[in-house]
Amino acid sequence: MRPDGPLRAADGSAMLALAVLVVLVHPIAPLLREPYWLDESWVALATKAPLADLPVVTSSTPVGWTFLVWLLPPAGQVQRLVPWLFLAVSAGLGYGLGRLLDWPRRSTGVVAGLCAAAAVALLPAQQLRHDLKQYTADAAVALALVLLLAWAERSWSLRRLVAVGAGAVLGMLLSHPAALVGAVVLAAMLGAAAWSRQRARLVRATAVAGLAGLGMATIYLTVDRANRNDHLIDYWDGYFPAGAELPQYLHRRLEELQPALGLPWPVFVLLAGAGVVTVAWRRRPATAAAVALLPAVAVAGGVTRSYPLLDLRTSHFLLVLAAAIAGVGLVGVAGLLTGRLRRSPAVLVAVVAVAAAGYGLANRATRITGPDEDVRAQVTYVAGHHRPGDLILVNMSGQYGFAYYWPANRPEFVRGGVQATGWYVRYRPEDRIIVAADRDHTAVAAALDEARRLAGPGGRVWLVRSHVQPAEAAVWRDALAGWHTDLVAVGPEPVALIAPG
């Protein structure tokens, strides 16, 4: 066997062990069983949209990520495989990041890769991210860009520089925070070229960074910015801190995020800091600089109201990247201590294994489900009891889940409305499906008036409501005072058969 043979076997065994860990910690079966809730249903509904309507329905999700969801059939909850696959890939990228550093022993690289990957897979924030949203893709793209930089830094060449630039541009199609990560990666690449004082390398790096920046700006201006709306900005208002309150804000948000970190946040931050030092120590100073600079750029994004700061979802990429770097830091610290104490490499492996196992056991079963709502059960019941001529009335928040699970009457996708998504659905008159335009009394009363007019004397109206907040429930209760209402318990959210009084 060639000298590299045992190492390749170790890498293969490590990846196999990692795959088993991911499947055990993040089982697939529950993903395919649980119904979509509001924030997932409008994403799933993209599968029923014509390809030309993707720029409309992509809303707050990146268009490339939405396209991947669109490729899957509108059947059950199969679309959740997309974020699951990105989560699995992120663990593999964590392995690559730890493995690629210039360790004194190649076997130490395997241990570092496994530790970084285990941190990514076991991080409680990852265990919470089983929903149909783009946040696991954010993490995978962030790890991929940092890994590309570490790979390029191993042997600077035009081919590797181009790979970093292309990754930054393509990442924008899959992830919004790729703009932040891509910017720091390109800046670190330029800084390393300037530091080298090699004119040819600086010229190449400048050209690649300039073209990549142009590509990123083009995607943002033509795709991403079009889907920013006032409703979405208002939704994230609490995550845009003022500069004067920044210290208090950071402390408060880190305290809130601590359960998702699986460690006291100061310990998590210290381990991530040790990881940055270890990355630089292991001859990847540009990569270390990029990782160290990213939190500052994220803070700047929050203060300038450009990107929400330290929300569990939108900052998921930052938490996962920090976890991977913390895993590298653990190996770096353990390696330093065992070296100083003149212990064998087996002691390093044992220390890291015990730490990883303890972290995993301490944070097991952090997986949660979505809100207590099930529009799928309502739709199934209505579909089984619907008669010709019946009318269906759907509340505003229920429109996306209803449209996804309803087996007939493909909706139209319209830009606008009051939802943060920036779009809503409507149906042809012959479909006899009405969607309330808002949650307030005016919109609900208008929807019921239209239902009364279309149903006529003796007509039946099925009322499907989901994600109903207390204030909206009171509005519906008052508005239905003049209607005959029969509630049918089909799950956590009852369906109603109503008729004009």
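Trainee: How far apart are the mean positions of the positive and negative charges of the protein chain?
Mentor: Good place to start, and keep in mind that this is a predicted model. The protein chain carries 44 positive and 33 negative charges. Taking the mean position of each set, the separation comes to 15 Å.

Trainee: Which share of the exposed surface do carbon and sulfur atoms supply?
Mentor: Happy to walk through that. The protein chain exposes about 21900 Å². Of that area, the part supplied by carbon and sulfur atoms is 65%.

Trainee: What radius of gyration does the protein chain have, and does it agree or disagree with a compact globule?
Mentor: Let's begin with the expectation: for 501 residues, a compact globule would have a value near 23 Å. The C-alpha trace spans about 90 × 50 × 45 Å along its principal axes. The radius of gyration of the protein chain agrees with the globule value, at 26 Å.

Trainee: What percentage of the contacts with a separation of 6 or more comes from residues 24 or more positions apart?
Mentor: Some background helps here: the protein chain has 22 helices and seven strands, and 52% of its 501 residues count as buried. Among contacts with a separation of 6 or more, residues 24 or more positions apart account for 72%.

Trainee: Are the faces of strand β5 covered or open, and which residues show it?
Mentor: Nice one to check in the viewer. Strand β5 covers residues 461-464, and both of its faces are covered. On one side the buried residues are Val461 and Leu463; on the other they are Trp462 and Val464.

Trainee: Which strand runs parallel to β5, and which residue there stands opposite Leu463?
Mentor: The parallel partner is strand β1, residues 391-394, joined to β5 by four bridges. Opposite Leu463 of β5 stands Leu393.

Trainee: Which strand runs antiparallel to β5, and what stands opposite Trp462?
Mentor: Here we turn to strand β7, residues 495-500, which three bridges join to β5 in an antiparallel arrangement. Trp462 stands opposite a residue of β7, namely Leu497.

Trainee: Why does Val22 count as buried?
Mentor: Val22 lies in helix α1, which covers residues 4-25. Buried means under 20% relative accessible area. Val22 therefore counts as buried, because its relative accessibility is 4%.

Trainee: Which residues is Val22 in contact with, leaving aside neighbours within four places in sequence?
Mentor: One of them is Trp84, 62 residues away along the chain, with a C-alpha separation of 9.7 Å from Val22. With neighbours within four places set aside, the list is Trp84, Leu87, Ala88, Ala91 and Ala121.

Notes
Residues are numbered from 1 along each chain as its sequence is written. This is a predicted model: local features need pLDDT of at least 70, side-chain atom pairs count only at pLDDT 80 or more; totals for chains, interfaces and linings use all residues. Side-chain values use heavy atoms; hydrogens and water are left out. Helices (H or I, at least four residues) and strands (E, at least two) are DSSP runs, numbered from the N terminus. The radius of gyration is taken over C-alpha atoms; the globule rule is 2.2 Å times the number of residues to the power 0.38. Buried means under 20% relative accessible area, exposed over 50%, partly exposed in between (1.4 Å probe, protein chains only). Contact means heavy atoms within 4.5 Å. Accessible areas come from the Shrake-Rupley method with a 1.4 Å probe; for residues, only the protein chains shown count as cover. Lys and Arg count as positive and Asp and Glu as negative; His and the chain ends are not counted. The place of a charge is taken as NZ of Lys, CZ of Arg, CG of Asp or CD of Glu. Two strands pair if DSSP finds at least two bridges between them.
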